[in-house]
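Subject: Structure for your review

Dear colleague,

Please find below the structure that I agreed to pass on to you. After it, I set out what was found, arranged by topic.

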Amino acid sequence: MRCQSRTARINSVDHTGSNPQRVRNRRVFYIPGYDPIHPRRYRELYRKEGTAQAQISGYSLTLSPKRTNGPYGWHVAAEMDGQRTEADIEVLVWSDIVRGSMEATIAGTYWQLLRTAWIYLSTGALRRLMLLRKGPVIAALYPVGMLLVQALLAFLLAWGTAHAFGLAAAAAGLNGAFALLPAWMLGLGAGYALLRWFKKRDGKFFAYYLMHDYAHSAASRGAIPPEMEARMRAFRALIAEALQDKTLDEVLVVGHSSGAHLGVSVLADLIRDGLPAERPALGFLTLGQVVPMVSFLPQAKRLRADLKYLSQRTELAWVDVTAPGDGCAFALCDPVAVSGVAPEGKRWPLVFSAAFTQTLSPARWQQLRWRFFRLHFQYLCAFDRPGDYDYFRITAGPLTLAERYRDRKPSKSRIDVPVSKFTSVAAECPK
């Protein structure tokens with residue numbers, strides 16, 4: 001089912017304040033994906049790429065220390081299109097939870113592999129995900145294949161070492177258990193040492209990292225773990241506080257990768273709780289989302305309920321940006337529709353492409369096209385042939401998200417048909 005026209009939907013957003021379209025002061029809440037790294041990396045990324053984009057696009061962008069009481073962030077002063085805008089950007093941190101989920105031993109990681117593979121295969125989720133986009137499914141299968149290859153190499157090394165030791169022992173006149181037991185102990189030690197070598201160098205292979213990522217999403221078959229529910233309540237409280245600030249013109253929530261589906265649930269609960277009558281405009285920007293990896297699982301009832309609820313609301317503008325060049329995202333897949341929960345009167349999200357092959361020059365695209373993980377972060381970076389998507393204009397420019405994309409049409413090649421086998425929703429979402 002196609003939604004009503006883009007213009008009609010944007011015009012129906014519940015704007016508040018005297019001048020809802022222009023922004024002088026903004027708060028941005030960035031929800032990262034599954035990332036164990038300290039949030040300072042996002043400040044440095046914003047500084048470096050924002051400076052580059054400002055030079056390309058002809059505006060000014062200056063960073064300074066944060067002025068809010070949030071956990072981690074920075075302040076941005078920008079001058080674009082003849083108007084000066086101030087923005088406070090905060091990272092909603094859950095990297096400590098990520099690090100905790102990555103503490104599995106080598107044996108524990110291989111157990112995660114078996115369990116996660118079984119969940120996606122036995123529920124039929126993997127087969128249905130492949131009907132959407134092959135790229136993110138291949139990305140999901142990559143750690144499985146890489147870890148199995150590492151295990152095979154370790155076995156071959158163990159067998160080869162034991163065999164070589166056995167031959168040497170036989171040549172020395174040693175036979176039986178006196179030679180066999182030490183041979184296999186030495187072989188197993190060599191195989192384990194190789195596995196440890198692979199794990200220590202996972203910064204190049206990304207096998208353990210990705211395995212922990214998918215295992216974290218699948219551990220409860222799509223249900224949100226209690227520690228994440230608690231963290232999301234904390235996120236919601238920070239955003240709710242910002243919406244009480246009458247000096248702000250916009251509160252913008254940005255969810256990248258796994259942070260997209262966290263943002264869906266945070267904002268759904270926020271709106272259910274009720275928003276202030278007089279408040280800034282509320283925007284929700286999802287980038288490189290992987291929502292189907294969770295919403296297609298049987299116990300993702302809470303997420304599916306939140307997707308359905310948020311897609312109908314007039315209190316916010318929700319824009320979803322992906323790109324077919326990003327092999328780690330479900331590019332141009334409407335997360336509400338493909339999850340099978342699109343209601344009558346669905347408004348959101350507006351789905352369109354960042355079009356990497358058009359917004360990056362041929363030379364730049366050639367540099368990045370095989371750097372899959374770097375491309376997954378391109379939404380937060382500079383484009384040397386910028387189109388209508390510019391992360392820095394959105395987060396630090398003079399227009400609200402709704403106004404910026406008031407006349408933007410959704411991508412014609414988007415996928416907006418129900419694909420998920422599981423479409424049940426939670427009867428009541430936890431607070």
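Leaving out residues up to four places away in sequence, Ile89 touches Val28, Tyr46, Tyr72, Gly73, Trp74, Val76 and Thr395. Please keep in mind as you read that this is a predicted model.

Ile89 belongs to strand E4, which covers residues 83–91. The relative accessible area of Ile89 is 2%, so this residue is buried. A distance along the same stretch of chain may also interest you: Ile89 and Ser101 are 12 residues apart in sequence, and their C-alpha atoms are separated by 27 Å.

A second buried residue offers another example. Val144 is part of helix H6. With a relative accessible area of 19%, Val144 counts as buried, because the limit for that class is under 20%. Which residues does Val144 contact, once its neighbours within four places in sequence are left aside? They are Leu113 and Met211. In addition, the C-alpha atoms of Val144 and Leu210 are separated by 9.0 Å, although their positions lie 66 residues apart along the chain in the sense that they are 66 residues apart.

Salt bridges

How many salt bridges does a search of the whole structure find? The search finds 21. Three pairs are described here, followed by a network.

In the pair formed by Arg27 and Glu90, the closest N and O atoms are 2.6 Å apart. This pair links distant parts of the chain, since Arg27 lies in strand E1 (residues 25–31) and Glu90 in strand E4, 63 residues apart. Arg27 and Glu90 are both buried.

Arg84 forms a salt bridge with Glu86, and here the closest N and O atoms are 3.2 Å apart. Are these two residues buried or partly exposed? Arg84 has a relative accessibility of 48% and therefore counts as partly exposed. Glu86 has a relative accessible area of 18% and is therefore buried.

The third pair consists of Arg408 and Asp388, whose closest N and O atoms are 2.5 Å apart. Arg408 lies in the segment after helix H19 (401–404), and Asp388 in the loop between helix H17 (372–375) and helix H18 (391–396), so the salt bridge ties together parts that are 20 residues apart in sequence. Asp388 is partly exposed, with a relative accessible area of 39%.

Finally, a network of salt bridges links Glu229, Arg236, Asp269, Arg272, Asp273, Arg302 and Asp306.

Surface patches

A nonpolar patch on the surface is formed by Val149, Leu152, Leu153, Phe155, Leu156, Trp159, Trp184 and Leu188. Together these residues have about 790 Å² of accessible area. Which helices each supply at least two residues of the nonpolar patch? They are H6 (134–171) and H7. The largest share comes from H6, with six residues. Val149 is one of the patch residues, and its place is in helix H6. Its relative accessibility is 43%, so Val149 counts as partly exposed.

The surface also carries a positive patch, made up of Arg196, Lys200, Arg201 and Lys204. Lys200 lies in helix H7, which runs over residues 177–200. Lys200 counts as exposed because its relative accessibility is 62%.

Backbone features

Most residues other than glycine have a negative phi, and most peptide bonds are trans. Against that background, please look at three places in the model.

Ser257 is not a glycine, yet its phi is positive, at about 55 degrees. Ser257 is found in the loop between strand E5 (250–256) and helix H11 (258–273). Its relative accessible area is 10%, so Ser257 is buried.

Leu332 is not a glycine either, and it has a positive phi of about 60 degrees. Leu332 lies in the loop between strand E7 (317–322) and H14. Leu332 is buried, with a relative accessible area of 2%.

The peptide bond from Trp348 to Pro349 is cis, with omega near 0 degrees. Where is Pro349 placed? Pro349 sits in the loop between helix H14 (335–338) and strand E8 (350–353).

Yours sincerely,
A colleague

Technical notes: Residues are numbered from 1 along each chain as its sequence is written. This is a predicted model: local features need pLDDT of at least 70, side-chain atom pairs count only at pLDDT 80 or more; totals for chains, interfaces and linings use all residues. Side-chain values use heavy atoms; hydrogens and water are left out. Patches are made of residues with over 30% relative accessible area and no salt bridge: like charges are joined within 9 Å, nonpolar side chains (Val, Leu, Ile, Met, Phe, Trp, Tyr) within 5 Å. Accessible areas come from the Shrake-Rupley method with a 1.4 Å probe; for residues, only the protein chains shown count as cover. A salt bridge is a side-chain nitrogen of Lys or Arg within 4 Å of a carboxyl oxygen of Asp or Glu. Lys and Arg count as positive and Asp and Glu as negative; His and the chain ends are not counted. The place of a charge is taken as NZ of Lys, CZ of Arg, CG of Asp or CD of Glu. Helices (H or I, at least four residues) and strands (E, at least two) are DSSP runs, numbered from the N terminus. Buried means under 20% relative accessible area, exposed over 50%, partly exposed in between (1.4 Å probe, protein chains only). Contact means heavy atoms within 4.5 Å.
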